[in-house]
Amino acid sequence: RDASRQFLDYMSERAYTRVGKAGAEKLKGALRGALFGHGSSRADDPQLHTHCVMSNLVECANGKTGALETKEMLRWMGAAATRYHT
């Protein structure tokens, strides 16, 4: 559970939305999601893992929400997964 939360926090630190004319300005925001723990694989073998479902939006400090800039998130996915497994 701790590793899953750390993963979500790590990704949230890198989340932003684009605002302004043609999305020229980046506005940092927090991710919102849910974590679901599982204890078995599809073949019903024991396999502890966590599913993370995130909404496609970020909540900014000013209280507004915007669409998540996913290209940036994909750049950090490998580093976040390594951190999770460590």
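**Reading a predicted model, step by step**

Mentor: Let's start with one residue: Thr17 is found in strand β1, which covers residues 16-19. Keep in mind that this is a predicted model.

Trainee: Okay. Is Thr17 buried or exposed?

Mentor: A residue counts as buried when its relative accessible area is under 20%. Thr17 has 4% relative accessibility, so it counts as buried.

Trainee: Which residues does Thr17 touch?

Mentor: Leaving out residues up to four places away in sequence, Thr17 touches Glu25, Lys26, Leu27, Val58, Cys60, Gly66 and Ala67. Look at Ala67 again: the side chain of Thr17 reaches its backbone oxygen at 2.7 Å.

Trainee: Let's zoom out. How many helices and strands are there?

Mentor: The protein has 2 helices and 4 strands. Reading from the N terminus, the order is α-β-β-β-β-α.

Trainee: Which residues of helix α1 are buried?

Mentor: Helix α1 spans residues 2-12, and its buried residues are Ser4, Phe7, Leu8, Tyr10, Met11 and Ser12.

Trainee: And what do those buried residues pack against?

Mentor: They pack against strands β2 (25-40) and β3 (46-60), and against helix α2 (70-85).

Trainee: What about the whole protein: how much of it is buried?

Mentor: Of its 86 residues, 24% count as buried. The accessible surface comes to about 6300 Å², and 52% of that belongs to carbon and sulfur atoms.

Trainee: How do I read the overall shape?

Mentor: Try the radius of gyration. For a compact globule of 86 residues it would be near 12 Å, but this protein has 15 Å. Then check the spans: along its principal axes, the C-alpha trace covers about 50 × 20 × 20 Å.

Trainee: What share of the contacts joins residues at least 24 apart in sequence?

Mentor: Counting contacts between residues at least 6 apart, 45% join residues at least 24 apart.

Trainee: I also want to understand backbone angles. What is special about phi of Asp44?

Mentor: Here's the general idea: most residues other than glycine have a negative phi. Now the case here: phi of Asp44 is near 65°, a positive value in a residue other than glycine.

Trainee: Where does Asp44 lie, and why does it count as exposed?

Mentor: Asp44 lies in the loop between β2 and β3. The cut-off for exposed is over 50%, and Asp44 counts as exposed because its relative accessibility is 62%.

Trainee: Last one: how many charged side chains, positive and negative, are there?

Mentor: There are 13 positive and 9 negative side chains, and the centres of the two sets lie 8 Å apart.

How values were computed:
Residues numbered from 1 in each chain as written. Predicted model: local features only at pLDDT ≥ 70, side-chain atom pairs only at ≥ 80, totals over all residues. Heavy atoms only, no water. Buried < 20%, exposed > 50% of the residue type's maximum accessible area, 1.4 Å probe, protein only. Polar contact = N/O pair within 3.5 Å; in protein donor to acceptor, adjacent residues only side chain to side chain. Contact = heavy atoms within 4.5 Å. Rg over C-alpha atoms; globule rule 2.2 N^0.38 Å. Areas by Shrake-Rupley, 256 points an atom, 1.4 Å probe, with all protein chains shown as cover. Lys, Arg positive; Asp, Glu negative; His and termini not counted. Charge placed at Lys NZ, Arg CZ, Asp CG, Glu CD.
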